Amino acid sequence: MPTHHQVLADFPTSVPDQPELVEVRREGDLVWLTINRPEVMNCLSFPTLRRFRTLLAELAEDLSIRCILIAGAGDKAFCAGADLKERKSMPMDLVPEFVKNIRGLMDDVEAMPQPTVAVVGGFAFGGGTELMLACDLRVAARTARFGLTETSLAIIPGAGGTQRLPRLIGKSRAKDLILTGRRLEAPEAETMGLVNRVAEPAALEDAAREVANAIAANGPVAVRAAKAAVDGGSELPQREGLELEARCYERTLSTSDRLEALAAFSEKRKPVFEGK
């Protein structure tokens, strides 16, 4: 995970810092990050990427945070991907930097030590779908729509979509969506495993919060270790994956949380975990 200063070094000095583009809200053990550009369907401009990546680098250092929820402002869009209006007028020498940073955002999200939950309240096309793919879990409104639509613009998904989607739903289904640019609705997305939970629009935040609180109620060191074991081992041969699992398990053995869990079980009460 890049540090705050490493992230800033990835951006041209001409890209301004605009804190209002991504809002931060803490709720106890949880943090909400909300892309705040509803007037342009929460698309990702250069300044938005800078703000988003900087926040992630800072939050990665705060292990008192047990889960991060990522959302888009308003009810029309989670994220519409890259800001094509900005891109159209962007000097050609800056385009590679933009592509590098939109890829970097997805990598940053995936690499967060804390679990991440995409809260999809509207459509998520192109980079919006790639952003939710980079999250650990996805909770969507029943009215949400998804799609890697880049081939309709004569490009391909370039921020991880061609790699993360087949690993999540299988190669054949991923090719169906990517090669046709087909858009799908939340119930179908849930059936194929693209989305973990579907809720009515008015109940979306509560549904996502329920998932996040269920994560936060568990031992924080164990949750981070389990995430690392799954992410690091799922593409390895099974023997190597099992060895990684063993190393991740070892990280939990010396924690006071493990002793607290045993004591709570013995005393028939809920454990109080401190992340130590």
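**Exercise 1.** Which residues make the nonpolar surface patch of about 290 Å², and is I155 buried, partly exposed or exposed?

*Solution.* In this predicted model, the patch is made by L84, L153 and I155. To place I155 along the chain, look at the loop between strand 8 (145–147) and helix 6, where this residue is found. The next step is its relative accessible area, which is 45%; because buried means under 20% and exposed means over 50%, I155 counts as partly exposed.

**Exercise 2.** Which residues lie nearest the centre of the second largest pocket, and which helix gives the largest share of its lining?

*Solution.* Begin with the space itself, whose volume is about 450 Å³. Its lining consists of 24 residues, and those nearest the centre are A82, L84, G127, E150 and I155. Helix 3 (84–89), helix 4 (95–111) and helix 5 each supply at least two lining residues, and the largest share, four residues, comes from helix 4. Sorted by character, the lining of this second largest pocket holds twelve nonpolar, six polar and six charged residues.

**Exercise 3.** How do the residues lining the largest pocket divide into nonpolar, polar and charged?

*Solution.* The largest pocket, with a volume of about 570 Å³, is lined by 19 residues, of which E110, D136, V230, D231 and S234 lie nearest its centre. At least two lining residues come from each of helix 5 (127–134), strand 7 (137–141), helix 6 (161–169) and helix 10 (220–233). Dividing the lining of the largest pocket by character then gives nine nonpolar, two polar and eight charged residues.

Definitions and conventions. Residues are numbered from 1 along each chain as its sequence is written. This is a predicted model: local features need pLDDT of at least 70, side-chain atom pairs count only at pLDDT 80 or more; totals for chains, interfaces and linings use all residues. Side-chain values use heavy atoms; hydrogens and water are left out. On a 1 Å grid over the protein atoms alone, a cavity is a set of points where a 1.4 Å probe fits but cannot get out, and a pocket is an open set with protein on both sides within 12 Å along at least five of seven lines; lining residues have an atom within 4 Å of a point. Grid points are joined across faces, edges and corners, and a volume is the space filled by probe spheres set on the points. Ala, Val, Leu, Ile, Met, Phe, Trp, Tyr, Cys and Pro count as nonpolar, Asp, Glu, Lys and Arg as charged, and the others, Gly among them, as polar. Patches are made of residues with over 30% relative accessible area and no salt bridge: like charges are joined within 9 Å, nonpolar side chains (Val, Leu, Ile, Met, Phe, Trp, Tyr) within 5 Å. Accessible areas come from the Shrake-Rupley method with a 1.4 Å probe; for residues, only the protein chains shown count as cover. A salt bridge is a side-chain nitrogen of Lys or Arg within 4 Å of a carboxyl oxygen of Asp or Glu. Buried means under 20% relative accessible area, exposed over 50%, partly exposed in between (1.4 Å probe, protein chains only).
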